[in-house]
Amino acid sequence: MAPAISSTVPQSPTIKQLCLPTFQSPIGKFSSNSIQLLFSVIVREYPRADQTLGEPLNNSHTPAEAITDDSVIAVFSDIHSNLEALKAVIEDMDACGIEQRYCLGDIVGYGANPSQCLELVRSMRCSIIQGNHDAAAGTDISLEMMSPGARFGIEFTRKKLSAPQRRFLRGLPVTIVAGDHQFVHASLDEPADWNYVINQWEAQLHFSFQERSVCFCGHTHVPAIWHQSAKGKIRVAKGTGSLRLPRGGKALINVGSVGQPRDGAAEACYVLFDCKSRRVEFRRVPYDNETTCRKILRAKLPPENAERLRAQR
Ligand SMILES: [Fe+2]
């Protein structure tokens with residue numbers, strides 16, 4: 001199963017080649033202004049979780065399946081009730097022969113199939129952590145700070161999920177540690193506050209809490225690799241193709257989004273990671289997004305939740 005990472009993009013660049021020397025243009029060809037605009041849109045969509053939840057979330061670090069030096073793992077996030085994208089990603093993982101899988105949360109929200117997606121993820125018997133949409137759907141937290149698209153998505157989801165399903169979501173941990181790897185939905189800086197890592201300062205904060213050499217996250221729906229050198233210098237690379245992590249320092253891998261990509265590509269995104277070679281492969285998987293859009297519209301969810309998938313924003 002190991003060749004899945006190294007063989008698909010044999011001549012891919014290293015992270016050093018993709019990294020820019022400063023933070024002025026952090027992700028490849030995009031200008032800093034366009035990146036800031038992109039992230040400002042994202043941030044408006046995601047309110048911080050607050051401390052008004054009806055019952056405390058389980059924020060403990062939970063044991064996960066052991067990761068060895070020979071492990072190749074699949075890490076996926078932000079499914080957002082998109083059943084077609086989730087099924088396509090699972091088929092791709094199966095085809096790659098990857099059995100060790102980690103879900104970084106936001107299973108629900110926005111889309112029309114929250115219950116089906118939740119049950120499908122649970123059936124995978126993989127390690128699962130909580131995202132902000134899972135926390136909102138699993139509790140009665142106020143949604144007034146959410147954008148209309150997100151708010152209606154959560155209200156719809158709360159009605160569609162059973163009481164045990166909602167209990168499952170609110171009981172999920174917000175971080176997992178496995179070997180030399182950590183997993184979190186947003187940032188290790190107060191994980192249940194769902195802080196974004198979209199600039200150098202936020203990355204610095206995250207890394208100050210990262211105790212292992214590699215951490216995986218989602219939340220922004222934009223795949224990327226952040227790296228902090230042993231001297232503390234932080235760089236970021238666009239999450240595309242296949243990249244080998246440098247030895248030394250710490251890396252934060254944003255695995256992108258299965259069901260709501262926001263990096264200009266319509267395909268579902270997830271990551272394969274070869275622990276021995278430290279190679280990261282960003283997998284892009286096409287799926288039937290027109291069916292997903294029709295379901296969203298038929299469910300009377302906000303049209304923007306469907307248009308976003310079509311428009312590839
Ligand atoms: Fe999300």
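**A walk through the six-stranded sheet**

Of the 313 residues in this chain, buried residues make up 50%. Keep in mind that this is a predicted model. The chain holds eleven helices and 13 strands. Take the contacts with a separation of 6 or more: residues 24 or more positions apart account for 74% of them.

Let's start with the sheet. It is open, it has six strands, and the pairing is mixed. The strand order reads 4-3-2-12-13-10. Strand 4 and strand 10, residues 242–244, are the edges, and each pairs on one side only. Now put a helix on it. Helix 4 packs on this sheet and touches strands 2, 3, 12 and 13. The direction of helix 4 makes about 25 degrees with that of strand 12.

Next, strand 3, residues 100–103. Which way do its residues point? Gln100 and Tyr102 go one way, Arg101 and Cys103 go the other, and all are buried. As background, side chains in a regular strand alternate between the two faces of the sheet.

What does strand 3 pair with? Take strand 2 to begin with, residues 72–76. Strands 2 and 3 run parallel, joined by four bridges. One pairing to find on screen: Ala74 has Arg101 as its bridge partner in strand 3. Strand 2, helix 4 (residues 83–96) and strand 3 together make a right-handed β-α-β unit.

Then strand 4, residues 127–128. Strands 3 and 4 also run parallel, with two bridges between them. Here Cys103 stands opposite Ile128. To get from strand 3 to strand 4, the chain goes through helix 5, residues 114–123, and this β-α-β crossover is right-handed.

Stay with helix 5 for a moment. Arg122 lies in it. Is Arg122 buried or partly exposed? Burial takes 20 or more other C-beta atoms within 10 Å. Arg122 has 14, so it counts as partly exposed. From Arg122 to Cys103 is 19 residues in sequence, and 9.8 Å in space, C-alpha to C-alpha.

Now the loops. Two residues other than glycine have a positive phi here: Asp78, near 55 degrees, and Arg278, near 60 degrees. Asp78 sits in the loop between strand 2 and helix 4. Arg278 sits in the loop between strand 12, residues 268–274, and strand 13, residues 279–285. How do their surroundings compare? Asp78 is buried, because 31 other C-beta atoms lie within 10 Å. Arg278 has 17 within that distance, so it is partly exposed.

On to the core. How many residues are in the largest nonpolar core? It has 74, and Val75 and Tyr270 have the most contacts inside it. In soluble globular proteins, nonpolar side chains tend to be buried together. Look at Tyr270. Leave aside its neighbours within four places in sequence. Tyr270 is then in contact with Ala74, Val75 and Phe76. Its list also has Val89, Val255, Gly256, Val258 and Arg283. There is a second, separate core too, of eight residues. Phe152, Ile296, Leu301 and Ala306 are among them.

To close, three things to find on the screen. Find the sheet in its order, 4-3-2-12-13-10. Find strand 3, with strand 2 parallel to it and strand 4 parallel to it. And find Val75 and Tyr270 in the largest nonpolar core.

Technical notes:
Residues are numbered from 1 along each chain as its sequence is written. This is a predicted model: local features need pLDDT of at least 70, side-chain atom pairs count only at pLDDT 80 or more; totals for chains, interfaces and linings use all residues. A residue is buried if 20 or more other C-beta atoms lie within 10 Å of its own, exposed if 12 or fewer, and partly exposed in between; C-beta atoms are placed from the backbone. Two strands pair if DSSP finds at least two bridges between them. A crossover is right-handed if, with the strands pointing away from the viewer, the path from the first strand over the helix to the second runs clockwise. A nonpolar core is a set of buried Ala, Val, Leu, Ile, Met, Phe, Trp, Tyr and Cys residues joined through C-beta atoms within 7 Å. Two residues are in contact if their C-beta atoms, placed from the backbone, lie within 7 Å. Axes are lines fitted to C-alpha atoms, for helices over the stretch in contact, and angles run from 0 to 180 degrees between N-to-C directions.
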